[in-house]
Amino acid sequence: MTYYQLEKLSERLYRIIEIGDVCCYLVVGENKACLLDTGCGYGNLKEYVETITDKPVFVILTHGHHDHMGAAALFDEVYMNHDDMPVFKEFGVMQRRLQDAREHEKTKHFTSKDLIPTRESEIKDIRDGEEFDLGGITIKMIQVKGHTPGIMCPLLVEDRSIIFGDACGVSVLLFDKYSSNVSEYKNSLLKLKQYEEKYDRIYRNHGTFWSPKELLDNVIECCDLVLEGKDDHQPTMIHGFELFAAKSINEFGRIDKKQGNIMYAMEKAR
Ligand SMILES: [Zn+2]
């Protein structure tokens, strides 16, 4: 079974797409490499990464959800903002990870043996603004609380790119007890906007894996509309949660064809 597909995005940046159609990113510097997220944990991601680079590899998890931390147990050195530890613990329960795998066509036959066990050893904390120098490329971590409390966007400084991941995208979920309400999330986005001049490309972990730069303004606009009670408020069920889309969607995305939307639980609309 082939678990991964590889795309080279720039001299220092690779995208690794796992069979469940979630991707992670590998940044290769002159001295070391950093894997940003680890997918759902369906294959031996460590061995695969070693076919791409011979530099020592450490891992940064953008947040604690199962489709980002799945293969973290394979690596020696792993970082994640500790604000997301409760999320990591809850979403790391094997039965829950397996249930998610079985919802996808390509992995619906999986048993727990097909998943890398959830990491139990140390995860080092990272804080907002922390930088990692890999040699010729620096990763600056920006906390964008909203989807989860500790979620971070890695800014690849010299590459002039940023990974928004699940923090800001075409369908940001503000859905469970760990998610922020819309006004707190909007403040996080306004903080993220301060970095807008530092990047030209936005990458994500799902769907088309990238977005145009106007994405951020479009999601901020969605927040404003929800807070003013003027959004489309379209009911939508996602992962068993009754949510509302700020802008009306069909199977292809926003009906007005713009990118950027939030799917929020009613109690987050404040
Ligand atoms: Zn997530």
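Start by selecting phenylalanine 244, which stands opposite tyrosine 264 in strand 18. Strands here are DSSP runs of E with at least two residues, and helices are runs of H or I with at least four, both numbered from the N terminus. What you have open is a predicted model, in which local features need pLDDT of at least 70 and side-chain atom pairs count only at pLDDT 80 or more, while totals for chains, interfaces and linings use all residues. Residues are numbered from 1 along each chain as its sequence is written, and side-chain values use heavy atoms, with hydrogens and water left out.

**Strands 14, 15 and 18**

Now colour strand 18 (residues 262–264) and strand 15: they run antiparallel and are joined by two bridges. Two strands pair if DSSP finds at least two bridges between them. Next add strand 14 (residues 234–238), which pairs with strand 15 (residues 241–245) in the antiparallel sense over five bridges. Across this pairing, methionine 237 stands opposite glutamate 242. Then click on histidine 239: the hairpin of strands 14 and 15 has two residues between the strands, and histidine 239 takes a positive phi near 50° there.

**The zinc site**

Select the zinc ion. Which residues coordinate the zinc ion? They are His63 (NE2), His65 (ND1), His147 (NE2) and Asp166 (OD), at 2.2 to 2.3 Å; donors are N, O and S atoms within 2.8 Å of the metal (3.2 Å for Na, K and Ca), and sites may look incomplete as water is not among the atoms. The four donor atoms subtend angles of 87 to 168°, so the arrangement is irregular; four donors count as tetrahedral only if all angles lie between 85 and 135 degrees, and as square planar if opposite donors are over 155 degrees apart and all others between 65 and 115.

Stay with histidine 65, in the loop between strand 5 (57–60) and helix 2 (66–69). Histidine 65 is buried, at 5% relative accessible area, and aspartate 166 is also buried, at 12% (buried means under 20%, exposed over 50%, partly exposed in between, with a 1.4 Å probe and protein chains only). Show neighbours of histidine 65 and you will find contacts (heavy atoms within 4.5 Å) with residues including Val87, Phe91 and Phe175.

**The open sheet**

Finally, colour the six strands that form an open sheet of mixed pairing, in the order 7-8-9-10-12-13. Its edge strands are strand 7 (131–133) and strand 13 (210–211), each pairing on one side only. End at isoleucine 202, whose bridge partner in strand 13 is serine 211.

Note on methods:
Four donors count as tetrahedral if all angles lie between 85 and 135 degrees; four count as square planar and six as octahedral if opposite donors are over 155 degrees apart and all others between 65 and 115; anything else is irregular. Lists of a residue's contacts leave out its neighbours within four places in sequence.
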